[in-house]
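Colleague: Please take a close look at one part of this model, the charged side chains and what they meet. Add the surrounding elements where they help to place them.

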Amino acid sequence: MIKIDVLSEDKRWSKKIKKKEVFFHSVCKAFPKKYKFVNKKIFLTLLLSNNKEIKKLNNKFRKKNKATDILSFPVRRKVKIKKDSYLGDIIISHNFMDKLKKQSLK
């Protein structure tokens, strides 16, 4: 089982995805069986952000002063999945998702 704590710091995410936690849990259900972590409790945090905030994080932690689509911060370099494991944090920029959507419609 994968438990995702979904946090949003940009209101535009709520316009796109009404029930964010339900949506991302349904995404996890589509994972192949080997990634569903049967009989285990896997936790991660997902922050739904924007270019301005993700740029700050990218600069602070990676020393790259530019926005990006996704940042990930694993708890450890090599994660050994135990019965209860926290994997880390993922940050997604709303602005890049909009850009990808527009490109896919072309």
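Modeller: D5 is partly exposed, with a relative accessible area of 35%; here buried means under 20%, exposed over 50%, and partly exposed in between, with a 1.4 Å probe and protein chains only. The model is predicted, so to speak of a local feature requires pLDDT of at least 70, side-chain atom pairs count only at pLDDT 80 or more, and totals for chains, interfaces and linings use all residues. Residues are numbered from 1 along each chain as its sequence is written, and side-chain values use heavy atoms, leaving out hydrogens and water.

The side chain of D5 meets that of K3 in a salt bridge of 2.9 Å, N to O. The term stands for a side-chain nitrogen of Lys or Arg within 4 Å of a carboxyl oxygen of Asp or Glu. K3, the partner of D5, is partly exposed at 29% relative accessibility. A search of the whole structure returns 3 salt bridges. One of them joins the side chains of D10 and R12 at 2.7 Å, N to O. D10 is buried, with a relative accessible area of 8%, whereas R12 is partly exposed at 34%.

A further salt bridge pairs K56 with E53 at 3.4 Å, N to O. These two residues lie 3 apart in helix α3, which means that about one helical turn separates them. K56 counts as partly exposed at 45% relative accessibility, and E53 counts as partly exposed at 24%. The C-alpha atom of K56 is separated by 8.1 Å from that of K66, 10 residues away along the chain.

Helix α3 covers residues 51-62; helices (H or I, at least four residues) and strands (E, at least two) are DSSP runs, numbered from the N terminus. At the start of α3, a side-chain oxygen of N50 comes to within 3.2 Å of the backbone nitrogen of K52. The side chain of N51 is joined to that of S93 by a polar contact of 2.5 Å. Such a contact is a pair of N or O atoms within 3.5 Å; within protein, one must be able to donate a hydrogen and the other to accept it, and residues adjacent in sequence count only if both atoms are side-chain atoms. S93 sits in strand β4 and is buried at 0% relative accessibility. Another residue of α3 is I54, which is buried at 0% relative accessibility. I54 and N65 are 11 residues apart along the chain, and 9.8 Å separates their C-alpha atoms.

After α3 comes K63, with a positive phi near 60°. K63 is not a glycine. Most residues other than glycine have a negative phi. K63 belongs to the loop between α3 and β3 and is exposed at 66% relative accessibility.

Charge also appears on the surface as a positive patch, formed by R76, K78, K80 and K82. Patches take residues with over 30% relative accessible area and no salt bridge, joining like charges within 9 Å and nonpolar side chains (Val, Leu, Ile, Met, Phe, Trp, Tyr) within 5 Å. Lys and Arg count as positive and Asp and Glu as negative, while His and the chain ends are not counted; a charge is placed at NZ of Lys, CZ of Arg, CG of Asp or CD of Glu. Within this patch, K78 is found in the loop between β3 (70-74) and β4 (84-93). K78 is exposed, with a relative accessible area of 76%.

For contrast in chemistry, F23, V27 and F31 make a nonpolar surface patch of about 230 Å². Accessible areas come from the Shrake-Rupley method with a 1.4 Å probe, and for residues only the protein chains shown count as cover. V27 is placed in helix α2, residues 20-29, and is partly exposed with a relative accessible area of 34%.

As for the frame around these sites, the protein has 4 helices and 4 strands, and along the sequence they follow the pattern β-α-α-β-α-β-β-α. Of its 106 residues, 26% count as buried.
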